[in-house]
Amino acid sequence: MKLYKIAIIFVALCMSSCKEEFLEKAPLDNPSSATFFSNQKELEIALNGAYRSLYWHSYKVPYVLWLDAATDLAWSRGDFGGVLTIQGGQFTPETEIFYTVWSHMYTAISKANNILDNMERAKEVVSPEFYSDAEAQARFLRAYFYTYLVTLYGDVPWVDHMLSIDEAQLPRTAKEEVIANIYSDLDFAASNLPVTRSGGEIGKATKGAALTLKARLALISGDYRTASEAAKEVMDLGVYEIYPSYFDLFQHKGADSKESIFAQHYHMDVFTTAVPRYLTNRASAGYSVLIPTQTMVDMYASIDGKPIDESPLYNPSKPFENRDPRLDQSIVLPGEWINDLWFQTHPDSTRTFSRSADGTLSRVNNVEVTNAYATFTGYLWNKYHDESDIPHDNTQSTLPIMMMRYAEVLLTYAEAKIELNEIDQSVINAINQVRGRESVKMPLVQMSSQDELRKVVRYERTIELALEGFRLFDIRRWKIAEHVMPGNVLGRRHKATWFDKITPNIDEFGHPSYPNETDIFQVISVNQFDKSKHYLWPIPQKERDVVKELTQNPGY
């Protein structure tokens with residue numbers, strides 16, 4: 001208390017005794033807001049601060065990973081990142097996650113706007129190339145954050161400069177106008193960003209990243225012409241290609257491959273993730289929080305390309321055999337090894353095997369059965385789970401997280417052309433580059449009808465891009481969320497039905513269902529989806545309480 005009082009007295013004395021001209025002088029050791037952005041170093045510092053907003057995390061896990069747990073593909077034990085609340089449909093405009101996301105995006109946008117408003121100060125002392133590159137990066141970042149805002153909330157206020165207090169009461173801008181403004185930013189970025197970067201520049205935006213983001217937004221918005229053209233520009237750059245191993249693509253081994261277009265990078269001394277802790281098994285000091293659903297597992301086709309309820313190769317007694325290889329490469333399945341432990345989830349498997357470095361096996365307690373917080377569905381993710389992270393502190397992973405990769409571009413191009421009904425060999429080739437990946441080699445697609453190819457490309461997006469944050473936007477733009485979201489989230493089978501030979505029915509949306517599912521599976525949560533309002537998130541009430549001009553989305 002004494003120190004607190006002394007501090008108040010000191011501040012009061014300074015304020016009363018300091019001369020006015022002293023207060024008006026800029027600090028001698030640090031740049032002030034009136035002089036910052038006046039040279040290349042300061043612009044680089046400001047850009048790095050803006051890039052920092054891309055590291056949009058919850059519990060040190062990139063939020064794009066959590067987003068799939070707001071859909072039918074993944075599940076979060078506990079309400080980490082607010083996704084279980086979203087998945088269950090039990091939310092209101094007062095639910096905190098909607099304000100958290102809104103606030104994060106607009107704070108990030110303000111960083112980009114601050115650069116764009118003030119970088120003119122450095123124009124005379126930096127090279128024209130650096131200046132245009134810096135402006136392009138700032139506009140790319142603004143476009144990136146606005147893409148999330150407009151796709152999640154619909155109409156949102158468009159802010160392209162630092163606001164004064166008098167300007168703070170902004171109404172929502174029509175979605176179409178916001179999208180047009182984003183296109184403008186991305187067109188500028190694509191024209192001024194380099195095709196590739198190297199050395200310390202790796203991780204910054206490139207021409208391919210700007211075009212990929214434009215194609216993504218256009219596809220979500222149903223602007224198929226723009227989506228196909230932007231994706232084709234990325235393809236024509238000739239710098240990206242499909243990485244041979246789907247499994248390795250999401251491990252340290254595949255980091256920064258030619259498939260990666262834009263990624264979050266980490267450094268042990270600067271910033272790391274806790275992805276291993278939230279994905280891995282209890283026996284490896286993991287939390288098994290973010291896990292695949294039974295629905296996700298059942299959506300993987302058989303190796304002949306047919307849904308498992310149609311394929312003669314599917315054997316319900318051995319449900320993981322003869323399946324799309326991406327099932328095993330994406331998901332840790334019962335009977336597989338993980339972190340040198342034999343992964344078993346049957347309730348009687350209270351003991352399992354541990355494998356030493358020389359291959360020697362020993363019996364150990366199986367916490368995947370005895371621990372109350374082991375994976376509730378009986379599955380874990382392989383994607384972004386590199387076992388080399390586990391012997392160390394599993395909250396300190398430096399594995400890069402891809403935000404854009406070439407497979408997305410190929411599937412965007414194919415889907416856009418299919419929706420335009422401009423189906424030619426280039427569409428087939430784009431799909432087959434993804435399906436024909438060396439470690440996948442699913443049956444190649446042949447020329448077919450628009451309806452059949454639409455099913456194929458939607459299947460590919462679901463399977464290929466799982467746990468990468470696309471599903472929430474896909475099921476909403478396809479208008480199938482009302483069909484695939486409601487219902488029980490299925491956990492492990494009941495002991496009495498563990499070995500029953502049951503094949504789910506796969507419906508027209510690629511979604512599985514079981515007869516008498518509650519007799520077969522434990523129910524770990526229940527989802528709801530109100531088609532009258534849940535296709536958009538609500539405008540946060542906390543924001544509307546401050547900005548009176550903000551209207552609410554329908555139904556809320």
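## Met-296 and its surroundings

Met-296 sits in helix H13, which covers residues 294–299. In this predicted model, Met-296 is buried, with a relative accessible area of 0%. Setting aside neighbours within four places in sequence, Met-296 is in contact with Asp-72, Leu-73, Ile-331, Trp-381, Thr-462, Ile-463 and Ala-466.

Ala-74 is worth a look here too. Met-296 and Ala-74 are 222 residues apart along the chain, yet their C-alpha atoms are separated by 7.2 Å.

## Pockets

Let us turn to the open spaces. The largest pocket has a volume of about 950 Å³. Its lining counts 35 residues, and Pro-307, Glu-452, Lys-455, Val-456 and Tyr-459 are the closest to the centre. H13, the helix of Met-296, and H18 each supply at least two residues of this lining. H18 gives the most, with ten residues. Sorted by class, the lining of the largest pocket holds 16 nonpolar, five polar and 14 charged residues.

The second largest pocket has a volume of about 690 Å³. Among its 30 lining residues, Pro-319, Phe-320, Pro-334, Tyr-379 and Trp-498 lie nearest the centre. H13 appears again: this helix and strand E13 (487–493) are the elements that give two or more residues to the lining of the second largest pocket. Twelve nonpolar, ten polar and eight charged residues make up that lining.

## Enclosed cavities

Searching the whole structure turns up six cavities of 30 Å³ or more. The largest cavity has a volume of about 150 Å³. Of its 15 lining residues, Tyr-148, Arg-216, Gly-469, Phe-470 and Phe-473 are the closest to the centre. Helices H7 (128–153), H9 (207–220) and H19 (471–477) each contribute at least two residues to the lining of the largest cavity, and the largest share, four residues, comes from H7. By class, the lining of the largest cavity divides into eight nonpolar, three polar and four charged residues.

In the second largest cavity there is about 120 Å³ of space. Its lining has 13 residues, and those nearest the centre are Ala-70, Ile-86, Leu-472, Phe-529 and His-534. Helix H5 (83–88) and H19 are the elements that give two or more residues to the lining of the second largest cavity. H19 provides the largest share there, three residues. Nine nonpolar, three polar and one charged residues form the lining of the second largest cavity.

## Helix H3

Helix H3 runs over residues 40–52, 13 residues in total, and reaches 18 Å from its first C-alpha to its last, close to the 18 Å expected at 1.5 Å a residue. At its N-terminal end, Asn-39 acts as a cap: a side-chain oxygen of Asn-39 lies 3.1 Å from the backbone nitrogen of Lys-41.

The buried residues of H3 are Glu-42, Leu-43, Ala-46, Leu-47, Ala-50 and Tyr-51. They pack against helix H6 (96–118), H7 and strand E4 (260–264). You have already met H7 as the helix with the largest share of the lining of the largest cavity.

## Helix H17

Now for a helix later in the chain. H17 spans residues 425–435, with Val-427, Ile-428, Ala-430, Ile-431, Asn-432, Val-434 and Arg-435 buried. Their cover includes helix H14 (326–330), helix H16 (406–419) and helix H18 (450–464). H18 thus links two parts of this report, as part of the cover over H17 and as the element that gives the most to the lining of the largest pocket.

How values were computed. Residues are numbered from 1 along each chain as its sequence is written. This is a predicted model: local features need pLDDT of at least 70, side-chain atom pairs count only at pLDDT 80 or more; totals for chains, interfaces and linings use all residues. Side-chain values use heavy atoms; hydrogens and water are left out. Buried means under 20% relative accessible area, exposed over 50%, partly exposed in between (1.4 Å probe, protein chains only). Contact means heavy atoms within 4.5 Å. On a 1 Å grid over the protein atoms alone, a cavity is a set of points where a 1.4 Å probe fits but cannot get out, and a pocket is an open set with protein on both sides within 12 Å along at least five of seven lines; lining residues have an atom within 4 Å of a point. Grid points are joined across faces, edges and corners, and a volume is the space filled by probe spheres set on the points. Ala, Val, Leu, Ile, Met, Phe, Trp, Tyr, Cys and Pro count as nonpolar, Asp, Glu, Lys and Arg as charged, and the others, Gly among them, as polar. The expected span of a helix is 1.5 Å times one less than its number of residues. A polar contact is a pair of N or O atoms within 3.5 Å; within protein, one must be able to donate a hydrogen and the other to accept it, and residues adjacent in sequence count only if both atoms are side-chain atoms.
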